[in-house]
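Please open the structure in your viewer and keep the selection tool at hand. The tour below proceeds stop by stop, stating at each one what to select and what is found there.

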Amino acid sequence: MFKKKNLLVFLIAVLMLFVSACSSSSSGGEKPAKENDDGKKEETVEPSGNLVIYTARDQTIVDKVVGMFNEKYPDVQVDVLTMGAQQVLERVRGEKANPQSDFWWGGTQSAFMTAANEDLLEPFKPSFDASILPEHKDPKGLWYGEMLLPEVIMYNSDMLKKNEAPQDWDDLLDSKWKDQIIIRGVLASGTMRTIYSSIIHEQGADTPEKGYEWLKKLDANTKEYAQDPTNLYLKLARQEGSISLWNLQDILIQKNQLNQPFDFVYPESGAPILVDAVGLVKDAKNLENAKLFYEFLFDPETRTTLAKDLYQIPTRTDIDKSTMPDWYKELDLKSLDLDWGVMAEKEAEWMQYWDENIKGKN
(Lines give C-alpha, C1' and ligand atoms only; values in the text may rest on other atoms or scores of the structure.)
Protein backbone atom coordinates (compact mmCIF):
# COMPACT_ATOMS: atom_id res chain seq x y z
CA MET A 1 0.00 0.00 0.00
CA PHE A 2 2.82 2.38 0.93
CA LYS A 3 4.61 1.71 -2.40
CA LYS A 4 1.41 2.32 -4.36
CA LYS A 5 0.89 5.63 -2.55
CA ASN A 6 4.44 6.78 -3.34
CA LEU A 7 3.95 5.79 -6.98
CA LEU A 8 0.73 7.83 -7.16
CA VAL A 9 2.46 10.90 -5.67
CA PHE A 10 5.28 10.52 -8.18
CA LEU A 11 2.88 10.30 -11.15
CA ILE A 12 0.97 13.39 -9.98
CA ALA A 13 4.23 15.34 -9.65
CA VAL A 14 5.29 14.35 -13.18
CA LEU A 15 1.87 15.37 -14.55
CA MET A 16 2.10 18.79 -12.82
CA LEU A 17 5.55 19.40 -14.30
CA PHE A 18 4.25 18.50 -17.80
CA VAL A 19 1.26 20.86 -17.50
CA SER A 20 3.51 23.64 -16.21
CA ALA A 21 5.90 23.24 -19.16
CA CYS A 22 3.07 23.34 -21.69
CA SER A 23 1.59 26.43 -20.05
CA SER A 24 4.84 28.40 -20.12
CA SER A 25 5.36 27.61 -23.82
CA SER A 26 1.85 28.68 -24.86
CA SER A 27 0.97 32.09 -26.35
CA GLY A 28 -0.41 33.21 -23.00
CA GLY A 29 2.84 32.59 -21.17
CA GLU A 30 6.00 34.63 -20.88
CA LYS A 31 7.59 36.18 -23.94
CA PRO A 32 10.67 34.36 -25.26
CA ALA A 33 13.91 35.73 -23.90
CA LYS A 34 16.91 36.96 -25.84
CA GLU A 35 20.44 37.84 -24.79
CA ASN A 36 21.49 41.48 -24.51
CA ASP A 37 25.00 42.84 -25.08
CA ASP A 38 26.10 41.63 -21.62
CA GLY A 39 25.06 38.08 -22.35
CA LYS A 40 22.11 38.36 -19.96
CA LYS A 41 18.65 37.26 -21.01
CA GLU A 42 15.95 39.86 -21.36
CA GLU A 43 12.28 39.60 -22.32
CA THR A 44 11.32 40.42 -25.93
CA VAL A 45 8.40 42.83 -26.05
CA GLU A 46 6.21 42.46 -29.14
CA PRO A 47 4.77 45.67 -30.65
CA SER A 48 1.26 46.42 -29.44
CA GLY A 49 -1.12 49.31 -28.94
CA ASN A 50 -2.81 51.52 -31.53
CA LEU A 51 -2.01 53.07 -34.90
CA VAL A 52 -4.22 55.62 -36.65
CA ILE A 53 -3.66 56.15 -40.38
CA TYR A 54 -5.13 58.81 -42.66
CA THR A 55 -4.89 57.69 -46.27
CA ALA A 56 -5.83 58.58 -49.83
CA ARG A 57 -5.14 55.01 -50.94
CA ASP A 58 -7.76 52.84 -52.63
CA GLN A 59 -9.53 50.47 -50.23
CA THR A 60 -8.13 47.44 -52.05
CA ILE A 61 -4.59 48.62 -51.32
CA VAL A 62 -5.46 49.50 -47.71
CA ASP A 63 -6.97 46.09 -47.01
CA LYS A 64 -4.02 44.26 -48.55
CA VAL A 65 -1.24 46.21 -46.83
CA VAL A 66 -2.89 46.45 -43.40
CA GLY A 67 -3.64 42.71 -43.58
CA MET A 68 0.01 41.97 -44.35
CA PHE A 69 1.13 44.30 -41.54
CA ASN A 70 -1.15 42.62 -38.99
CA GLU A 71 0.09 39.19 -39.99
CA LYS A 72 3.50 40.34 -38.81
CA TYR A 73 2.31 42.53 -35.91
CA PRO A 74 -1.02 41.07 -34.74
CA ASP A 75 -1.09 43.03 -31.47
CA VAL A 76 -1.14 46.45 -33.16
CA GLN A 77 -4.69 47.75 -33.59
CA VAL A 78 -4.75 49.65 -36.91
CA ASP A 79 -7.52 52.15 -37.59
CA VAL A 80 -7.63 53.64 -41.11
CA LEU A 81 -9.61 56.66 -42.25
CA THR A 82 -9.80 56.95 -46.06
CA MET A 83 -10.36 60.29 -47.79
CA GLY A 84 -9.06 62.39 -50.66
CA ALA A 85 -5.44 63.53 -50.57
CA GLN A 86 -6.43 67.18 -50.25
CA GLN A 87 -8.81 66.27 -47.43
CA VAL A 88 -5.99 64.55 -45.56
CA LEU A 89 -3.90 67.71 -45.73
CA GLU A 90 -6.80 69.86 -44.52
CA ARG A 91 -7.61 67.46 -41.69
CA VAL A 92 -4.02 67.17 -40.46
CA ARG A 93 -3.79 70.96 -40.64
CA GLY A 94 -7.02 71.37 -38.64
CA GLU A 95 -5.84 68.91 -35.95
CA LYS A 96 -2.37 70.42 -35.55
CA ALA A 97 -2.97 71.44 -31.92
CA ASN A 98 -4.29 67.97 -31.02
CA PRO A 99 -3.28 65.34 -33.63
CA GLN A 100 -5.73 62.47 -34.06
CA SER A 101 -3.66 60.51 -36.58
CA ASP A 102 -0.17 59.04 -36.54
CA PHE A 103 0.66 58.26 -40.16
CA TRP A 104 -0.23 60.04 -43.41
CA TRP A 105 -0.26 57.47 -46.19
CA GLY A 106 -0.48 58.74 -49.77
CA GLY A 107 -0.52 62.20 -51.26
CA THR A 108 1.19 64.29 -53.89
CA GLN A 109 4.68 65.66 -53.51
CA SER A 110 3.16 69.15 -53.61
CA ALA A 111 0.81 68.38 -50.72
CA PHE A 112 3.64 67.02 -48.57
CA MET A 113 5.85 70.00 -49.39
CA THR A 114 3.02 72.24 -48.19
CA ALA A 115 2.62 70.18 -45.01
CA ALA A 116 6.38 70.36 -44.35
CA ASN A 117 6.32 74.14 -44.73
CA GLU A 118 3.43 74.33 -42.24
CA ASP A 119 5.27 72.19 -39.64
CA LEU A 120 2.69 69.38 -39.78
CA LEU A 121 5.15 66.49 -40.12
CA GLU A 122 7.56 64.70 -37.77
CA PRO A 123 11.17 64.24 -38.98
CA PHE A 124 12.34 60.65 -39.28
CA LYS A 125 15.33 58.97 -40.91
CA PRO A 126 14.29 55.39 -41.70
CA SER A 127 16.61 52.47 -42.34
CA PHE A 128 16.03 52.70 -46.10
CA ASP A 129 16.97 56.40 -46.39
CA ALA A 130 20.04 55.79 -48.58
CA SER A 131 17.96 53.86 -51.14
CA ILE A 132 15.67 56.83 -51.91
CA LEU A 133 16.87 59.45 -54.42
CA PRO A 134 17.13 63.04 -53.10
CA GLU A 135 14.36 64.23 -55.42
CA HIS A 136 12.00 61.62 -53.95
CA LYS A 137 12.27 62.68 -50.30
CA ASP A 138 12.39 65.70 -48.03
CA PRO A 139 15.96 66.78 -47.12
CA LYS A 140 14.98 66.90 -43.43
CA GLY A 141 13.24 63.51 -43.47
CA LEU A 142 9.73 65.00 -43.18
CA TRP A 143 8.36 62.81 -45.99
CA TYR A 144 9.48 60.05 -48.34
CA GLY A 145 8.09 59.09 -51.72
CA GLU A 146 6.57 55.62 -51.53
CA MET A 147 5.87 55.08 -55.21
CA LEU A 148 6.05 56.79 -58.60
CA LEU A 149 3.04 57.54 -60.79
CA PRO A 150 3.96 58.35 -64.40
CA GLU A 151 1.20 60.29 -66.17
CA VAL A 152 0.77 58.90 -69.69
CA ILE A 153 -1.46 58.81 -72.78
CA MET A 154 -4.29 56.30 -72.44
CA TYR A 155 -6.20 54.78 -75.37
CA ASN A 156 -8.91 52.25 -76.18
CA SER A 157 -7.04 49.24 -77.60
CA ASP A 158 -10.16 47.97 -79.42
CA MET A 159 -10.23 51.20 -81.43
CA LEU A 160 -6.53 51.93 -81.94
CA LYS A 161 -3.25 50.10 -82.24
CA LYS A 162 -0.38 51.45 -80.13
CA ASN A 163 1.37 52.96 -83.15
CA GLU A 164 -1.87 54.68 -84.18
CA ALA A 165 -2.36 56.46 -80.86
CA PRO A 166 -0.69 59.82 -80.09
CA GLN A 167 2.99 59.22 -79.33
CA ASP A 168 3.70 62.50 -77.53
CA TRP A 169 1.89 65.39 -75.87
CA ASP A 170 1.86 67.70 -78.90
CA ASP A 171 0.25 64.94 -80.99
CA LEU A 172 -2.90 65.38 -78.91
CA LEU A 173 -3.44 68.77 -80.60
CA ASP A 174 -3.82 67.23 -84.08
CA SER A 175 -7.29 67.96 -85.46
CA LYS A 176 -7.84 64.25 -86.18
CA TRP A 177 -8.39 63.73 -82.45
CA LYS A 178 -11.22 66.26 -82.27
CA ASP A 179 -14.07 64.80 -80.16
CA GLN A 180 -11.97 61.66 -79.52
CA ILE A 181 -10.48 62.83 -76.21
CA ILE A 182 -12.27 62.33 -72.88
CA ILE A 183 -10.64 63.91 -69.82
CA ARG A 184 -11.27 63.21 -66.15
CA GLY A 185 -12.63 66.37 -64.44
CA VAL A 186 -9.45 68.33 -63.82
CA LEU A 187 -9.92 70.33 -60.60
CA ALA A 188 -10.91 67.33 -58.48
CA SER A 189 -8.10 65.11 -59.76
CA GLY A 190 -4.52 65.18 -58.52
CA THR A 191 -3.50 63.26 -61.64
CA MET A 192 -5.07 65.77 -64.04
CA ARG A 193 -3.90 68.83 -62.10
CA THR A 194 -0.36 67.43 -62.32
CA ILE A 195 -0.62 66.77 -66.07
CA TYR A 196 -2.08 70.19 -66.89
CA SER A 197 0.34 72.04 -64.60
CA SER A 198 3.28 70.18 -66.11
CA ILE A 199 2.16 71.20 -69.60
CA ILE A 200 2.07 74.88 -68.54
CA HIS A 201 5.48 74.43 -66.88
CA GLU A 202 6.94 72.87 -70.03
CA GLN A 203 5.70 75.75 -72.18
CA GLY A 204 7.31 78.19 -69.74
CA ALA A 205 6.45 78.65 -66.07
CA ASP A 206 7.32 82.36 -66.24
CA THR A 207 4.97 82.87 -69.17
CA PRO A 208 1.91 80.70 -68.43
CA GLU A 209 0.08 82.28 -71.38
CA LYS A 210 1.93 79.87 -73.70
CA GLY A 211 0.69 76.93 -71.64
CA TYR A 212 -2.84 78.35 -71.63
CA GLU A 213 -2.76 78.52 -75.45
CA TRP A 214 -1.69 74.86 -75.56
CA LEU A 215 -4.54 73.87 -73.23
CA LYS A 216 -7.03 75.82 -75.38
CA LYS A 217 -6.07 73.64 -78.34
CA LEU A 218 -6.46 70.51 -76.20
CA ASP A 219 -9.84 71.74 -75.00
CA ALA A 220 -10.89 72.15 -78.66
CA ASN A 221 -10.22 68.43 -79.22
CA THR A 222 -11.81 67.34 -75.94
CA LYS A 223 -15.27 65.86 -76.27
CA GLU A 224 -16.12 65.68 -72.59
CA TYR A 225 -14.83 66.02 -69.02
CA ALA A 226 -15.82 62.93 -67.02
CA GLN A 227 -16.95 63.50 -63.45
CA ASP A 228 -14.83 60.71 -61.90
CA PRO A 229 -12.52 57.82 -62.89
CA THR A 230 -15.38 55.30 -63.04
CA ASN A 231 -17.24 57.53 -65.49
CA LEU A 232 -14.06 57.98 -67.53
CA TYR A 233 -13.50 54.22 -67.80
CA LEU A 234 -17.12 53.63 -68.75
CA LYS A 235 -17.10 56.20 -71.57
CA LEU A 236 -13.81 54.93 -73.01
CA ALA A 237 -14.98 51.30 -72.83
CA ARG A 238 -18.20 52.28 -74.65
CA GLN A 239 -16.06 53.90 -77.35
CA GLU A 240 -17.53 57.35 -76.78
CA GLY A 241 -13.93 58.46 -77.16
CA SER A 242 -10.64 56.74 -77.89
CA ILE A 243 -8.04 58.83 -76.03
CA SER A 244 -7.45 60.10 -72.49
CA LEU A 245 -4.64 61.13 -70.15
CA TRP A 246 -4.19 59.16 -66.95
CA ASN A 247 -1.75 57.54 -64.53
CA LEU A 248 0.03 54.34 -65.51
CA GLN A 249 -0.85 52.31 -62.42
CA ASP A 250 -4.62 52.65 -62.82
CA ILE A 251 -4.44 51.90 -66.54
CA LEU A 252 -2.58 48.64 -65.85
CA ILE A 253 -5.06 47.65 -63.14
CA GLN A 254 -8.00 48.31 -65.47
CA LYS A 255 -6.32 46.41 -68.30
CA ASN A 256 -4.88 43.39 -66.51
CA GLN A 257 -7.20 42.84 -63.58
CA LEU A 258 -10.54 44.12 -64.90
CA ASN A 259 -10.07 43.18 -68.57
CA GLN A 260 -10.85 46.66 -69.85
CA PRO A 261 -9.79 47.44 -73.47
CA PHE A 262 -7.22 50.01 -72.34
CA ASP A 263 -3.51 50.47 -72.99
CA PHE A 264 -0.99 53.30 -72.83
CA VAL A 265 1.70 55.17 -74.72
CA TYR A 266 4.61 56.51 -72.70
CA PRO A 267 5.18 60.00 -74.22
CA GLU A 268 8.40 60.22 -76.24
CA SER A 269 9.48 63.50 -74.64
CA GLY A 270 8.92 62.15 -71.15
CA ALA A 271 6.16 62.11 -68.57
CA PRO A 272 5.42 64.04 -65.40
CA ILE A 273 6.17 61.46 -62.73
CA LEU A 274 4.20 62.17 -59.61
CA VAL A 275 5.90 61.20 -56.37
CA ASP A 276 3.27 59.68 -54.07
CA ALA A 277 4.51 60.14 -50.53
CA VAL A 278 4.03 59.25 -46.86
CA GLY A 279 4.98 60.86 -43.56
CA LEU A 280 4.64 60.90 -39.78
CA VAL A 281 2.16 63.34 -38.28
CA LYS A 282 3.87 65.79 -35.95
CA ASP A 283 3.35 64.98 -32.24
CA ALA A 284 1.65 61.68 -33.12
CA LYS A 285 0.34 59.79 -30.09
CA ASN A 286 1.50 56.39 -31.41
CA LEU A 287 4.78 57.44 -32.95
CA GLU A 288 6.66 54.15 -32.51
CA ASN A 289 3.93 52.12 -34.20
CA ALA A 290 3.82 54.70 -37.00
CA LYS A 291 7.57 54.22 -37.53
CA LEU A 292 7.02 50.46 -37.52
CA PHE A 293 4.41 50.80 -40.30
CA TYR A 294 6.76 53.15 -42.17
CA GLU A 295 9.51 50.54 -42.24
CA PHE A 296 7.09 47.75 -43.16
CA LEU A 297 5.60 49.73 -46.03
CA PHE A 298 9.02 50.23 -47.63
CA ASP A 299 10.29 46.71 -46.95
CA PRO A 300 11.55 45.15 -50.24
CA GLU A 301 9.20 42.18 -49.84
CA THR A 302 6.21 44.52 -49.41
CA ARG A 303 7.26 46.63 -52.39
CA THR A 304 7.70 43.56 -54.61
CA THR A 305 4.28 42.22 -53.63
CA LEU A 306 2.60 45.55 -54.41
CA ALA A 307 4.40 45.77 -57.75
CA LYS A 308 3.21 42.30 -58.73
CA ASP A 309 -0.36 42.59 -57.47
CA LEU A 310 -1.14 46.31 -57.84
CA TYR A 311 1.37 47.64 -60.40
CA GLN A 312 3.09 50.03 -58.02
CA ILE A 313 6.48 51.47 -58.99
CA PRO A 314 8.66 51.67 -55.86
CA THR A 315 10.95 54.60 -55.12
CA ARG A 316 13.53 52.31 -53.51
CA THR A 317 16.52 51.96 -55.81
CA ASP A 318 17.99 48.86 -54.17
CA ILE A 319 15.24 46.33 -54.91
CA ASP A 320 16.47 43.33 -56.89
CA LYS A 321 14.98 43.84 -60.36
CA SER A 322 14.89 40.07 -60.94
CA THR A 323 12.19 39.82 -58.25
CA MET A 324 9.97 42.36 -60.00
CA PRO A 325 7.23 41.62 -62.58
CA ASP A 326 7.84 41.73 -66.34
CA TRP A 327 5.88 44.96 -66.90
CA TYR A 328 8.25 46.76 -64.50
CA LYS A 329 11.39 45.36 -66.13
CA GLU A 330 10.26 46.65 -69.52
CA LEU A 331 9.50 50.17 -68.27
CA ASP A 332 11.71 53.12 -69.24
CA LEU A 333 10.87 55.94 -66.81
CA LYS A 334 11.79 59.05 -68.78
CA SER A 335 10.77 62.08 -66.74
CA LEU A 336 9.99 65.64 -67.75
CA ASP A 337 12.34 68.12 -66.11
CA LEU A 338 9.94 69.84 -63.71
CA ASP A 339 10.51 72.19 -60.80
CA TRP A 340 8.09 70.72 -58.28
CA GLY A 341 8.51 73.68 -55.96
CA VAL A 342 7.21 76.00 -58.69
CA MET A 343 4.46 73.48 -59.51
CA ALA A 344 3.32 73.44 -55.89
CA GLU A 345 3.36 77.24 -55.71
CA LYS A 346 1.57 77.91 -59.00
CA GLU A 347 -0.81 74.97 -59.41
CA ALA A 348 -3.85 76.56 -57.74
CA GLU A 349 -3.47 79.77 -59.76
CA TRP A 350 -2.98 77.95 -63.07
CA MET A 351 -5.88 75.56 -62.53
CA GLN A 352 -8.23 78.36 -61.51
CA TYR A 353 -7.40 80.22 -64.72
CA TRP A 354 -7.97 77.08 -66.80
CA ASP A 355 -11.33 76.43 -65.13
CA GLU A 356 -12.60 79.99 -65.54
CA ASN A 357 -11.20 80.88 -68.94
CA ILE A 358 -10.46 77.73 -70.99
CA LYS A 359 -12.62 74.74 -70.01
CA GLY A 360 -15.33 74.11 -72.59
CA LYS A 361 -14.81 77.46 -74.38
CA ASN A 362 -12.94 76.29 -77.49
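Select Gln-239, which sits in the loop joining helix 7 (229-237) to strand 10 (243-247). The model is a predicted one. Although Gln-239 is not a glycine, its phi is positive, at about 65 degrees. The residue is partly exposed, because its relative accessible area is 42%.

Proceed next to Asp-179, in the loop between strand 7 and strand 8. Here, too, phi is positive in a residue other than glycine, with a value near 65 degrees. Asp-179 has 39% relative accessibility and therefore counts as partly exposed.

Remain in this loop, between strand 7 (144-156) and strand 8 (181-184), and select Asp-174. With a relative accessible area of 35%, Asp-174 is partly exposed. Add Asp-170, Asp-171 and Glu-268 to the selection: together with Asp-174 they gather in a patch of negative charge on the surface.

The next stop concerns the salt bridges, of which the structure holds 18. Select Arg-303 and Glu-146, whose side chains meet in a salt bridge with an N to O distance of 2.8 Å. This pair links distant parts of the chain, since Arg-303 belongs to helix 10 and Glu-146 to strand 7, 157 residues apart. Are these two partners buried or exposed? Arg-303 is buried, with a relative accessible area of 1%, and Glu-146 likewise counts as buried, at 1% relative accessibility.

Continue with Arg-193 and Glu-347, which form a salt bridge whose closest N and O atoms are 2.9 Å apart. Arg-193 lies in helix 5 (residues 190-204) and Glu-347 in helix 12, so this salt bridge ties together parts that are 154 residues apart in sequence. Arg-193 counts as buried at 18% relative accessibility, and Glu-347 counts as buried at 19%.

Stay in helix 12 and select Lys-346. Lys-346 forms a salt bridge with Glu-349, the closest N and O atoms being 3.8 Å apart. The two residues are three places apart in helix 12, which means that about one helical turn separates them. Lys-346 is partly exposed, with a relative accessible area of 26%, and Glu-349 is partly exposed as well, at 43%. Salt bridges with shared partners also join Arg-57, Glu-146, Asp-276 and Arg-303 into one network.

Before leaving Lys-346, display Ser-197. The C-alpha atoms of Lys-346 and Ser-197 are 8.2 Å apart in space, while the residues are 149 apart in sequence.

Turn now to Pro-300, in helix 10 (residues 300-310). Its relative accessibility is 34%, and Pro-300 therefore counts as partly exposed. Which residues does Pro-300 contact, leaving aside its neighbours within four places in sequence? They are Arg-316 and Ile-319. The C-alpha atoms of Pro-300 and Ile-319 are separated by 6.1 Å, with their positions 19 residues apart along the chain.

The last stop is helix 4 (residues 109-117), where Gln-109, Ser-110, Ala-111, Phe-112, Ala-115 and Ala-116 are buried. To see what covers these buried residues, display helix 3 (85-94), strand 5 (103-105), strand 6 (121-122), strand 12 (273-281) and helix 12 (340-357), which are included in the cover. Finally, select Asp-119, which follows helix 4 and has a positive phi, near 60 degrees.

How values were computed:
Residues are numbered from 1 along each chain as its sequence is written. This is a predicted model: local features need pLDDT of at least 70, side-chain atom pairs count only at pLDDT 80 or more; totals for chains, interfaces and linings use all residues. Side-chain values use heavy atoms; hydrogens and water are left out. Patches are made of residues with over 30% relative accessible area and no salt bridge: like charges are joined within 9 Å, nonpolar side chains (Val, Leu, Ile, Met, Phe, Trp, Tyr) within 5 Å. Accessible areas come from the Shrake-Rupley method with a 1.4 Å probe; for residues, only the protein chains shown count as cover. A salt bridge is a side-chain nitrogen of Lys or Arg within 4 Å of a carboxyl oxygen of Asp or Glu. Lys and Arg count as positive and Asp and Glu as negative; His and the chain ends are not counted. The place of a charge is taken as NZ of Lys, CZ of Arg, CG of Asp or CD of Glu. Helices (H or I, at least four residues) and strands (E, at least two) are DSSP runs, numbered from the N terminus. Buried means under 20% relative accessible area, exposed over 50%, partly exposed in between (1.4 Å probe, protein chains only). Contact means heavy atoms within 4.5 Å.
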